[in-house]
Amino acid sequence: MKLFPTPLTPEEERYYLKRYKEGDKEAKQILIERNMRLVAHLVKKYHVADRDMEDLISVGTIGLIKAVNTFNTDKNNRLAAYASKCVENELLMLFRSEKKRTRESSLYEPLGTDAEGNSIRLLDILECEEEDILERVDMEEKTGRLYELMKKLLSEREKEIICLRYGLAGAQEVTQREIADAMGISRSYSPVIIGIKLEKE
């Protein structure tokens, strides 16, 4: 793996960020190049024997470019800290995408042949339609993501309201009026406390 330039000092980083925000495209290029060691470092965490290191660095670089494009200098954080999250997100999205494709393709791979010599796939022996399987896998992934976001962004009270209203996490779906009565809040106020507008009943 090639050697990358040394990282910027905090003073240099502030200087080039200021220049970039003023429209200097060369400053953007310097910010990217001087943070490539960070990309290489993060890629090592996820590198496995059957993966090409350069490919992963290319993907990680996309995350770095996104970080430079969206970094908010007003928050007084180092670019490297913000870029680390963007690079890791890009790598994890790649791995999730590949995992999904592998799972989907495995449904179509031949398992063997029947008595008449016809190829048998996993889909052929499952007791449901092809579309149902793929839809269920997709729904499970989206549901898992939803629960992650709820845990991260909502308070316990807000999560309880969402779960009751939409029948999530094993809860029985109830009306907005029932939620308001149970929690001692006005019906009109119940959707506001979670920052969303529930549909009208």
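This text leads the reader through a predicted model of one protein, from its overall make-up to selected helices and residues.

The protein contains nine helices and two strands. Read from the N terminus, its elements follow the order α-α-α-α-α-β-β-α-α-α-α. The chain has 201 residues, of which 30% count as buried. Among the contacts in the protein with a separation of 6 or more, 49% join residues that are 24 or more positions apart.

The description begins with the segment before α1, where Thr-6 is found. Thr-6 counts as partly exposed, because its relative accessibility is 44% and the partly exposed class lies between the limits of 20% and 50%. Leaving aside neighbours within four places in sequence, Thr-6 is in contact with Arg-34 and Arg-37. The first of these pairs, Thr-6 and Arg-34, is separated by 28 residues in sequence, yet the two C-alpha atoms are 6.0 Å apart in space.

Helix α1 comprises residues 10–21, and it packs against α2 at an angle of about 140 degrees, the two axes being 7 Å apart. That angle makes α1 oblique to α2, because an angle has to be over 145 degrees to count as roughly antiparallel. The crossing of α1 past α2 is left-handed. On the side of α1, the residues that take part are Glu-13, Tyr-16, Leu-17, Arg-19 and Tyr-20. They meet Glu-26, Ala-27, Lys-28, Ile-30 and Leu-31 in α2. By class, the contact of α1 with α2 consists of six nonpolar and four charged residues, with no polar ones.

One of the α1 residues in this contact, Arg-19, may be followed further. Beyond residues up to four places away in sequence, Arg-19 touches Asp-24, Glu-26 and Ala-27. With Asp-24 there is a polar contact between the two side chains, at 2.4 Å. Asp-24 also appears at the start of α2, where one of its side-chain oxygens reaches to within 2.9 Å of the backbone nitrogen of Glu-26. Asp-24 thus has a side-chain contact with Arg-19 of α1, and its side chain also approaches the backbone at the start of α2.

Helix α2 itself spans residues 25–33. Its buried residues are Ala-27, Ile-30, Leu-31 and Ile-32. Ala-27, Ile-30 and Leu-31 have already been met in the contact with α1, while Leu-31 and Ile-32 belong to the contact that α2 makes with α4.

That second contact involves helix α4, which covers residues 53–70. The axes of α2 and α4 come within 10 Å and cross at roughly 135 degrees. The two helices are therefore oblique to each other, and their crossing is right-handed. From α2 the contact draws on Lys-28, Leu-31 and Ile-32, and from α4 on Leu-64, Ile-65, Val-68 and Asn-69. In terms of class, the contact of α2 with α4 has five nonpolar residues, one polar residue and one charged residue. Lys-28 and Leu-31 of α2 take part here and also in the contact with α1.

Elsewhere in helix α4 lies Thr-61. Thr-61 is buried, because its relative accessible area is 16% and the limit for buried residues is under 20%. Residues up to four places away in sequence not being counted, Thr-61 touches Met-36 and Val-39.

The account now turns to helix α8, made up of residues 156–166. Buried in this helix are Glu-158, Lys-159, Ile-161, Ile-162, Cys-163 and Arg-165. Just after α8, Gly-167 adopts a positive phi of about 65 degrees.

Helix α9, residues 176–183, packs against α8 at an angle of about 145 degrees, with the axes 9 Å apart. The crossing of α8 and α9 is right-handed. In this contact, Arg-157, Glu-160, Ile-161, Leu-164 and Arg-165 of α8 meet Gln-176, Ile-179 and Met-183 of α9. The residues of the contact of α8 with α9 divide into four nonpolar, one polar and three charged. Ile-161 and Arg-165 of α8 take part in the contact with α9 and are also among the buried residues of α8.

Note on methods:
Residues numbered from 1 in each chain as written. Predicted model: local features only at pLDDT ≥ 70, side-chain atom pairs only at ≥ 80, totals over all residues. Heavy atoms only, no water. Axes fitted to C-alpha atoms, helices over the stretch in contact; angles between N-to-C directions. Helix = DSSP H or I, 4+ residues; strand = E, 2+ residues; numbered from the N terminus. Parallel < 35°, antiparallel > 145°, perpendicular 65-115°, else oblique. Left-handed = near helix turned anticlockwise from the far one by under 90°. Contact = heavy atoms within 4.5 Å. Nonpolar A, V, L, I, M, F, W, Y, C, P; charged D, E, K, R; others polar. Buried < 20%, exposed > 50% of the residue type's maximum accessible area, 1.4 Å probe, protein only. Polar contact = N/O pair within 3.5 Å; in protein donor to acceptor, adjacent residues only side chain to side chain.
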